[in-house]
Amino acid sequence: MLIWRHSLVLRKIEKDLEQRKGVLPLHWYDVLLVLYRSPERRLRLSEIADRIVTSRSALTRSVEKLGQEGLLTKEVCAEDKRGQYAHITPAGKKALKETWVYYKAAIEEHFGQYFTNSEAKEFQRLLEKLPS
């Protein structure tokens with residue numbers, strides 16, 4: 001039930017974001033958020049894949065498009081020439097911040113409004129019991 005409901009809510013949120021001009025798609029937002037929260041604002045592509053819910057091929061496509069849009073840059077790993085780092089750019093940080101306004105509103109509309117503060121805290125506590 002949890003996974004099914006999560007999927008329904010996520011689709012509604014994605015649809016809301018898709019209807020906004022100039023707002024990042026949710027899968028791009030997730031990539032940039034993971035980069036933004038990481039030390040030095042960069043990660044190896046394999047590390048990003050481990051932290052978001054998407055296939056590696058979808059991640060590769062997203063990273064390519066984010067690079068084309070100037071929202072991230074890629075660099076070869078000095079210690080492993082086969083690996084690459086992705087690094088969020090200032091434009092990526094700006095896009096993340098601008099999208100958050102609409103993402104936050106969509107989360108509230110499709111999820112948050114159905115829980116009291118105490119229920120939300122309990123839900124968070126329960127979810128934190130799950131292994132990461």
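A residue counts as buried when its relative accessible area is under 20%, as exposed when that area is over 50%, and as partly exposed in between. Keep these cut-offs in mind, since they return below. The model shown here is predicted.

Start with the chain as a whole. The protein chain has six helices and three strands. Read from the N terminus on, its elements run α-α-β-α-α-β-β-α-α. The C-alpha atoms fill a box of roughly 50 × 35 × 25 Å, taken along the principal axes. There are 132 residues in the chain, and buried residues make up 30% of them. Now take the contacts between residues at least 6 apart in sequence. Of these, 53% join residues at least 24 apart.

Next comes the sheet. The three strands form an open sheet in the order E1-E3-E2, with antiparallel pairing. Strand E1 covers residues 42-44 and strand E2 covers residues 72-76. Both stand at the edges, and each has a single partner strand, so one side of each is left without a neighbour in the sheet. From one strand to the next, the twist averages 25°.

Look at the pairings one by one. Strand E3 spans residues 84-88, and three bridges join E1 to E3. These two strands run antiparallel. Arg42 has His87 as its bridge partner in E3. For Leu43, the bridge partner in E3 is Ala86. On to the other pair. Five bridges join E2 to E3, again in an antiparallel run. Here Leu72 has Ile88 as its bridge partner in E3. In a regular strand, side chains alternate between the two faces of the sheet.

A helix also meets the sheet. H2 lies across E1, E2 and E3. Its direction is at about 90° to E3.

Now follow the chain from H2 towards E1. Glu40 is found in the loop between these two elements. Its phi is near 60°, a positive value in a residue other than glycine. Is Glu40 buried or exposed? Its relative accessibility is 59%, so Glu40 counts as exposed. Arg41 has its place in the loop between H2 and E1. The phi of Arg41 is near 60°, a positive value in a residue other than glycine. Arg41 has a relative accessible area of 30%, so it is partly exposed. That value falls between the two cut-offs given at the start.

Move to the loop between E3 and H5. Thr89 is found there. At 11% relative accessibility, Thr89 counts as buried, because the value is under 20%. Which residues does Thr89 touch, not counting those up to four places away in sequence? They are Gly70, Leu71, Leu72 and Thr73. One of these, Leu72, is the residue whose bridge partner in E3 is Ile88.

Last, turn to the empty space. Rolling a probe the size of a water molecule over the atoms shows where such space is left. The largest pocket has a volume of about 1500 Å³. It is lined by 38 residues, and the closest to its centre are His6, Leu10, Ile13, Tyr103 and Ile107. Five helices give two or more residues each to this lining: H1 (2-18), H2 (26-36), H4 (56-68), H5 (90-110) and H6 (117-128). Which element gives the largest share of the lining? That is H1, with ten residues. By class, the lining of the largest pocket has 24 nonpolar, six polar and eight charged residues. H2, the helix that lies across the three strands, is thus among the elements that line this pocket.

The second largest pocket has a volume of about 150 Å³. What lines the second largest pocket? Its lining is made up of Leu127, Leu130, Pro131 and Ser132. By class, that lining has three nonpolar residues, one polar residue and no charged residues.

Notes: Residues numbered from 1 in each chain as written. Predicted model: local features only at pLDDT ≥ 70, side-chain atom pairs only at ≥ 80, totals over all residues. Heavy atoms only, no water. 1 Å grid on protein atoms, 1.4 Å probe; cavity = no way out; pocket = protein on both sides within 12 Å on 5 of 7 lines; lining within 4 Å. Points joined across faces, edges and corners; volume = space filled by probe spheres on them. Helix = DSSP H or I, 4+ residues; strand = E, 2+ residues; numbered from the N terminus. Nonpolar A, V, L, I, M, F, W, Y, C, P; charged D, E, K, R; others polar. Pairing = 2+ DSSP bridges. Axes fitted to C-alpha atoms, helices over the stretch in contact; angles between N-to-C directions. Contact = heavy atoms within 4.5 Å. Buried < 20%, exposed > 50% of the residue type's maximum accessible area, 1.4 Å probe, protein only.
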